[in-house]
Amino acid sequence: MSQTSVEFHADVSDNSPLYMQIARKLSDDVRNGRYQVDQALPSERTLSELLNVSRVTARKAIDQLVDQGLVVRRRGSGNYIAPRIEQPLSNLTSFSEQLQQRGYTPKSRWLKRAIVTASADEQMSLALSPSSKVARLERLRMADDVVMAYEVSVLPQHIVPKPEAIGDSLYAYLESTGKAPARALQHIRAMNAPAELAQQLEVPEGQAVLFITRIAYLESGEAVELTHSYCRSDHYDFVAEMRRAPA
């Protein structure tokens with residue numbers, strides 16, 4: 001992993017603090033693709049020497065990038081450009097597949113795996129009868145140890161009779177049992193993270209996140225998955241290709 005170089009010239013007409021000017025320049029460079037994901041930023045000491053500023057100023061600038069989700073701190077290693085996922089909306093892929101295609105290591109931090117009674121909304125979404133049992137999977141989705149999303153998946157019990165058998169990838173498990181979805185409907189909207197969700201995602205309370213609801217179906221038309229995902233908007237881009245209909 002190569003370390004990034006840094007170029008910065010203070011704007012004498014800018015009245016904002018120097019650390020904010022540095023943070024804005026670095027964040028613009030990250031968003032414009034000048035730096036690659038997982039590249040190391042210079043240390044606070046090196047950054048202060050390169051830019052001829054104090055270490056306090058350099059630290060505050062990096063703090064700004066961490067707060068924006070553009071940089072992650074790795075204990076004992078340094079500061080690195082954070083992962084970012086560009087997800088085409090035309091393909092049905094799992095979180096793990098998306099990350100592996102981009103060279104990341106997908107991980108799940110399990111919060112809950114249990115068989116429970118389906119709620120009214122879950123019964124409606126999955127076309128289940130009252131009192132039906134479902135597997136409820138609650139987890140944090142991670143890329144190279146960076147929290148990307150909080151996710152709750154619900155599947156009929158006959159599709160997932162033993163939730164504890166699922167590893168890092170739900171879709172890999174469904175593939176192994178011959179129950180992988182063939183298509184899905186997905187709705188995306190923005191919301192502000194309440195306190196508990198913000199804590200899970202490691203973002204400030206009230207920060208905008210992407211709320212995604214997916215209902216997936218087998219070829220037969222049976223609904224087999226209802227997933228609610230709360231994704232960090234600073235780590236996700238959704239891309240849709242559109243074509244103009246013939247006149």
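A nonpolar core is a set of buried Ala, Val, Leu, Ile, Met, Phe, Trp, Tyr and Cys residues joined through side-chain atoms within 4.5 Å. Keep that in mind for the tour, and remember that this is a predicted model.

**Start with the whole chain.** Show the cartoon first. The protein chain has 247 residues, and 46% of them count as buried. Its secondary structure comes to 7 helices and 10 strands. Turn on contacts if your viewer does that: taking those with a separation of 6 or more, 59% link residues 24 or more positions apart.

**Next, select Ile22, Leu65 and Ile81.** You're now in the largest nonpolar core, which has 16 residues, and these three touch the most other members. Colour α1 (18–31), α2 and α3 as well, since these are the elements that give two or more residues to this core. As a rule for soluble globular proteins, nonpolar side chains tend to be buried together.

**Zoom in on Leu65.** What does Leu65 contact, leaving aside its neighbours within four places in sequence? Look for Ala23, Leu26, Ser27, Leu41, Leu70 and Val71. Then, for the other core, select Val152, Leu201, Val203 and Phe211: they are among the 14 residues of a core that lies apart from the one you just left.

**Now go to helices α2 and α3.** Select residues 44–51 for α2 and 55–67 for α3. Two packed helices are described by the angle between their axes and the distance between the axes. Here the axes come within 8 Å and cross at roughly 110°. An angle from 65 to 115 degrees counts as roughly perpendicular, so α2 is roughly perpendicular to α3. The crossing of α2 past α3 is right-handed.

Show side chains at this spot. From α2 you want Glu44, Arg45, Leu47 and Ser48, which meet Arg55, Ala58, Arg59 and Ile62 of α3. What mix of residues makes up this contact? There are 4 charged, 3 nonpolar and 1 polar.

**Last stop: Leu155.** Find it in strand β6, which covers residues 146–156. Is Leu155 buried or exposed? Its relative accessible area is 0%, and under 20% counts as buried, so Leu155 is buried.

Who surrounds Leu155? Not counting residues up to four places away in sequence, Leu155 touches Val134, Ala135, Leu137, Val160, Leu170, Leu174, Val224 and Glu225. Finish by drawing a distance from the C-alpha of Leu155 to that of Glu122: the two are 33 residues apart along the chain, and the separation is 9.0 Å.

Key. Residues numbered from 1 in each chain as written. Predicted model: local features only at pLDDT ≥ 70, side-chain atom pairs only at ≥ 80, totals over all residues. Heavy atoms only, no water. Axes fitted to C-alpha atoms, helices over the stretch in contact; angles between N-to-C directions. Helix = DSSP H or I, 4+ residues; strand = E, 2+ residues; numbered from the N terminus. Parallel < 35°, antiparallel > 145°, perpendicular 65-115°, else oblique. Left-handed = near helix turned anticlockwise from the far one by under 90°. Contact = heavy atoms within 4.5 Å. Nonpolar A, V, L, I, M, F, W, Y, C, P; charged D, E, K, R; others polar. Buried < 20%, exposed > 50% of the residue type's maximum accessible area, 1.4 Å probe, protein only.
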